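Trainee: I have a new model open and would like to learn how to read it. Could we go through it together, feature by feature?

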Amino acid sequence: MHFVSMTEVSAKTFARNLHEFLGRVEHGETVVISNHGHAVARLTPEPGFMSGKKAAELFRSHKADAEAADAISAEIKKLDQGVNHAQAH
């Protein structure tokens with residue numbers, strides 16, 4: 001079985017073909033959804049849907065995405081700051 005690691009699709013195409021893209025995600029593919037040429041969301045497989053061995057095989061050739069990692073880190077920091085602010089008040 002061949003897995004494609006990532007596909008980018010417009011929000012309009014994603015909405016029109018939701019079942020197709022959900023099927024792709026179920027088979028291990030990540031789908032990046034863009035709006036007006038800018039990535040706005042990333043749909044990834046749920047980690048518990050496959051065995052660790054199969055997941056390792058799937059991601060063996062995966063290349064790190066530093067931009068996504070930085071964006072996630074920034075969002076986590078914002079969430080932490082919000083939680084800390086809420087707890088202080």
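Mentor: Happily! Let us start with a turn: S2 and S3 form a hairpin with two residues between them, and His-36 in the turn has a positive phi of about 55°. Helices (H or I, at least four residues) and strands (E, at least two) are DSSP runs, numbered from the N terminus. A word on the source: this is a predicted model, where local features need pLDDT of at least 70, side-chain atom pairs count only at pLDDT 80 or more, and totals for chains, interfaces and linings use all residues. Residues are numbered from 1 along each chain as its sequence is written, and side-chain values use heavy atoms, with hydrogens and water left out.

Trainee: In which sense do S2 and S3 pair?

Mentor: Two strands pair if DSSP finds at least two bridges between them. S2 and S3 (residues 38-43) do so in the antiparallel sense, over five bridges. Beside the turn, Asn-35 stands opposite His-38 in S3.

Trainee: And how many bridges join S1 and S2?

Mentor: Five bridges, with S1 (residues 6-10) and S2 running in the parallel sense. To find one on screen, pick Thr-7: its bridge partner in S2 is Val-31.

Trainee: How much of strand S2 is buried?

Mentor: Buried means under 20% relative accessible area, exposed over 50%, and partly exposed in between (1.4 Å probe, protein chains only). The areas come from the Shrake-Rupley method, with only the protein chains shown counting as cover for residues. S2 (residues 30-35) is mostly covered, with five of its six residues buried. For the protein chain, 19% of the 89 residues count as buried.

Trainee: Which residues make up the largest nonpolar core?

Mentor: The general idea is that in soluble globular proteins, nonpolar side chains tend to be buried together. A nonpolar core here is a set of buried Ala, Val, Leu, Ile, Met, Phe, Trp, Tyr and Cys residues joined through side-chain atoms within 4.5 Å. The largest one has six residues in all: Val-9, Phe-14, Phe-21, Val-25, Val-31 and Ile-33. H2 and S2 are the elements that give two or more residues to this core.

Trainee: What is Phe-14 in contact with, leaving aside its neighbours within four places in sequence?

Mentor: Contact means heavy atoms within 4.5 Å. On that basis Phe-14 touches Val-9, Phe-21, Val-31, Ile-33 and Leu-43.

Trainee: Now the charges. How many salt bridges does the structure hold?

Mentor: Side chains of opposite charge can pair when their charged atoms come close. The cut-off for a salt bridge is a side-chain nitrogen of Lys or Arg within 4 Å of a carboxyl oxygen of Asp or Glu. The structure holds three. Glu-20 and Arg-24 meet in one of them, at 3.0 Å from N to O; both lie in helix H2 (residues 18-26), four residues apart, about one turn of the helix. Arg-24 also meets Glu-29, at 3.6 Å, and Glu-20, Arg-24 and Glu-29 are thus linked in a network of salt bridges.

Trainee: Are the members of that network buried or exposed?

Mentor: Glu-20 is partly exposed at 39% relative accessible area, and Arg-24 is partly exposed at 29%. Glu-29 counts as buried, at 8%.

Trainee: Where do Glu-75 and Lys-78 lie?

Mentor: Both are in helix H4 (residues 66-88), three residues apart, about one turn of the helix. They form a salt bridge, with the closest N and O atoms 3.3 Å apart. Glu-75 is partly exposed at 42% relative accessibility, while Lys-78 counts as exposed at 52%.

Trainee: To finish, in what order do the elements of the protein chain run?

Mentor: From the N terminus on, they run β-α-α-β-β-α-α. The radius of gyration is 16 Å, well over the 12 Å that the globule rule gives for 89 residues, so the protein chain is more spread out than a compact globule. That radius is taken over C-alpha atoms, and the rule is 2.2 Å times the number of residues to the power 0.38. Along its principal axes the C-alpha trace spans about 50 × 35 × 20 Å. The protein chain exposes about 7100 Å², of which carbon and sulfur atoms supply 56%.

Conventions: Areas by Shrake-Rupley, 256 points an atom, 1.4 Å probe, with all protein chains shown as cover.
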